[in-house]
Amino acid sequence: MILFLALTAFAIAIAGATALVIFWPLALVHIRDRHPALQAQLGPGAFLKPAALWWLLRAGYRTTPDRNLSGLATPARISLLVILGGVAIGGLLWMIGQALA
């Protein structure tokens with residue numbers, strides 16, 4: 001049962017990755033089109049850049065008074081949190097399952 005729950009947690013992380021692939025590029029295109037200073041801060045190729053993902057995770061977009069950016073970046077942030085949480089819980093449950101086996 002524990003390994004099934006671990007597999008379910010990894011599936012939730014995959015669902016979060018799907019949402020991230022949808023919302024994060026939309027937010028980056030919005031940044032490119034409307035906030036050139038912010039784009040310069042994030043740098044080129046920000047999709048998988050650790051600094052840009054950290055900026056998203058700590059909600060750095062909230063300092064920019066743009067509701068449209070917030071509307072695109074918030075689901076991307078939530079999906080990133082779901083990915084991290086799903087992988088962490090899945091890994092923890094997998095280790096528990098290995099210890100009990």
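This passage walks through the overall build of the chain and then three of its residues, T18, P44 and D66. The model is a predicted one.

Starting with the fold, the chain has four helices and zero strands, so reading along the sequence simply gives α-α-α-α. The helices and loops that matter below are α1, which covers residues 2-34, α2 at 36-42 with the loop that leads from there to α3, and α3 at 50-57 with the loop that leads on to α4 at 67-100.

As for overall dimensions, the C-alpha atoms fill a box of roughly 55 × 20 × 20 Å along the principal axes. The radius of gyration comes out at 16 Å, whereas a compact globule of 101 residues would sit near 13 Å. Some 35% of the 101 residues count as buried. The chain exposes about 6,300 Å², and 73% of that area comes from carbon and sulfur atoms. Contacts also reach far along the sequence: taking those between residues at least 6 apart, 66% join residues at least 24 apart.

Two residues make a handy pair for looking at spacing. T18 sits in helix α1 and is partly exposed, its relative accessible area being 45%. Counting 12 residues along the sequence separates T18 from A6, and their C-alpha atoms are 19 Å apart in space. P44, on the other hand, belongs to the loop between α2 and α3. P44 counts as exposed because its relative accessible area, 73%, is over the 50% cut-off. The partner here is R32, again 12 residues away in sequence, but with a C-alpha to C-alpha distance of 9.9 Å.

D66 tells another kind of story. This residue lies in the loop between α3 and α4, and it is buried without having a salt bridge. The nearest side chain of opposite charge belongs to R34, at 5.4 Å. A salt bridge needs the charged atoms to be within 4 Å, so R34 does not qualify as a partner for D66. What the D66 side chain does have is a polar atom 3.0 Å from the backbone nitrogen of N68. That spacing falls inside the 3.5 Å limit for a polar contact. Once neighbours within four places in sequence are set aside, D66 is in contact with H30 and H35. Taken together, D66 is a buried acidic residue lacking a salt bridge, with the N68 backbone nitrogen by its side chain and two histidines, H30 and H35, in contact.

Note on methods: Residues numbered from 1 in each chain as written. Predicted model: local features only at pLDDT ≥ 70, side-chain atom pairs only at ≥ 80, totals over all residues. Heavy atoms only, no water. Helix = DSSP H or I, 4+ residues; strand = E, 2+ residues; numbered from the N terminus. Buried < 20%, exposed > 50% of the residue type's maximum accessible area, 1.4 Å probe, protein only. Lys, Arg positive; Asp, Glu negative; His and termini not counted. Polar contact = N/O pair within 3.5 Å; in protein donor to acceptor, adjacent residues only side chain to side chain. Contact = heavy atoms within 4.5 Å. Rg over C-alpha atoms; globule rule 2.2 N^0.38 Å. Areas by Shrake-Rupley, 256 points an atom, 1.4 Å probe, with all protein chains shown as cover.
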